[in-house]
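This report walks through a protein model one part at a time, with each term explained where it comes in. Please keep the sequence and the structure in view while reading.

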Amino acid sequence: MTSQAESKLLCETGAGTPMGEFMRQYWLPAGLSSELEADGDPMRLMLLGEKLIAFRDSSGRIGIMDHRCPHRCASFFFGRNEEDGIRCVYHGWKFDVDGNCVDMANVPPHQDFKAKVKAKSYKATERNGLIWVYMGDQTDIPELPDIEANLQPEAEVDFRFVQRRCNWLQALEGDLDTSHLSFLHFGSVGKDALNEESTQRHLLANRAPEFIVQDTDYGTMGAAFRPADEDNTYWRFAHYIFPVWAFSPNWPMDVNILARAWVPMDDEHTMFMEIIRKNVRSAYKAKDGKQLAGAMVMDRLRPNSTDWFGRWRLSDDTENDYGIDRGVQKTGSYTGIDGIHLQDQATTESMGPISDKTWEHLSPTDTLITATRKRIINAVNAYKKDGALPPKSRLAKTVHGVRSGSFTAPKHVTWLDAYEQQMATGAKNKAQAAG
Ligand code: FES
Ligand SMILES: [Fe+2]
């Protein structure tokens, strides 16, 4: 069981908290490159409980800094983004993306002390359409992790951001708790609804999988398994990657170039970020080619606002009980809630802003959740004690090629061999397609 003290350690991410300091030792995804235009409007960005401003300067560089001007704390949100810097509108002080004060406009030249003033800025960079930020020690910046989905050209992937109103951990754990698919998402779908060639039909035929897990250099990995037929096993592999990533087995592993991050905005709001190679994600289709009930994949979003919590909000939320249709729940989908992500949103938000983990009764199907909590708690405590991070966890190559997904393999093959063989097949297919 997870104690109240352990829950607090896992869930609190503000500056100065053990988990918050641990998370700040890794690059975090912050937004889309397309959200910021050169000399465009500064954007409010809430990350790990810090109110930040993001902007793109005239030269195209990204600046991410505390929203408070270091003069008298007026917000840079109202600032003028002009000529390679952001100028506070209160007294005209101007700062570049590195936080250097480049103009102290209201101070006479002989009293100017701009060389002594810095805005609190964080290193930001971009790769293939994604903005990354590093909020830890600015003199010890690690490499960007080699996450496969973010190594693909921007034109070949789809990005998806959706805000969730609950703590990051309970949101992320939905990606590790893969047995819920057969209920929450497909509970009303019969075992013969999917085509013969769809390996996903196995999760409809057998809704009570076993799990196997282990620690990895980057976090944890685990697989749900059940018999596919007399001679084969159906595997669904998932990974947790420090500090906010979950790779879930949504699609067959040979095509599943997918990464999902659950970035705390504060302890009760989380920004979900997904990168997925185009054409992998499609509606689960029934034999007759129709979409399965409740399996709508696209998100219905409200227009973004400039509020701290104004980006990427779903149209359906707690106010309308996520649009639940009780009639559909009786005769159509398992939930009566329309959309896979919305179903996840409703259930994880319904746990409360920060779920009470002493209330839980975790089962063998939650083994990857249990192992991941333990892995994080141990890593955070070790960091708190002597500043040591899990060995290799900040190296780019540690996550190179890590992939989640489902497949079938002969039942005598061990789980790790099955994973390696499937990865090798995927690589071979990719090489053939390229060659
Ligand atoms: S508060 Fe920003 S310049 Fe004075
Ligand atoms: Fe789900």
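## A hairpin and its two strands

Strands β9 and β10 form a hairpin with two residues between them, and Asn 128 in the turn has a positive phi of about 50°. Helices (H or I, at least four residues) and strands (E, at least two) are DSSP runs, numbered from the N terminus. This is a predicted model, in which local features need pLDDT of at least 70 and side-chain atom pairs count only at pLDDT 80 or more, while totals for chains, interfaces and linings use all residues. Residues are numbered from 1 along each chain as its sequence is written, and chains are lettered from A and ligands numbered from 1 in the order in which they are written.

Strand β9 covers residues 121-127 and pairs with β10 in the antiparallel sense over five bridges, where two strands pair if DSSP finds at least two bridges between them. Within this pairing, Ala 124 has Val 133 of β10 as its bridge partner. On β10 (residues 130-134), five of the five residues are buried; a residue is buried if 20 or more other C-beta atoms, placed from the backbone, lie within 10 Å of its own, exposed if 12 or fewer, and partly exposed in between. Leu 130, Trp 132 and Tyr 134 point one way from β10, whereas Ile 131 and Val 133 point the other way.

## The open sheet

The hairpin strands belong to an open sheet of six strands, in the order β1-β10-β9-β4-β3-β2, with antiparallel pairing. Its edge strands are β1 and β2, each of which pairs on one side only. Neighbouring strands of this sheet are turned by 35° against each other on average, direction ignored.

At one edge, β1 and β10 pair in the antiparallel sense over five bridges, and here Gly 31 stands opposite Ile 131. At the other edge, five bridges join β2 to the antiparallel strand β3 (residues 50-56), with Arg 44 facing its bridge partner Ile 53 in β3.

## Two domains

The chain is divided into domain 1 (27-134) and domain 2 (148-434), with bounds that come from an automatic or database domain assignment. The C-alpha centres of the two domains lie 35 Å apart. Their contact takes 13 residues from domain 1 and 19 residues from domain 2, where two residues are in contact if their C-beta atoms, placed from the backbone, lie within 7 Å. On the domain 1 side, β1 (27-32) and β2 (43-47) are the elements that give two or more residues.

## Helices

Two packed helices are described by the angle between their axes and the distance between the axes. Helix α1 (residues 4-11) and helix α8 (residues 367-386) pack at an angle of about 75°, with their axes 10 Å apart. They are therefore roughly perpendicular to each other, a description used for angles of 65 to 115 degrees. Glu 6, Leu 9 and Leu 10 of α1 meet Arg 373, Ile 376, Ile 377 and Val 380 of α8.

Elsewhere, seven of the ten residues of helix α7 (residues 340-349) are buried, so α7 is largely enclosed by the rest of the structure. The buried residues of α7 include Ile 340, Leu 342 and Asp 344, and what covers the buried residues includes β11 (157-164) and α4 (168-176).

Methods:
Axes fitted to C-alpha atoms, helices over the stretch in contact; angles between N-to-C directions. Parallel < 35°, antiparallel > 145°, perpendicular 65-115°, else oblique.
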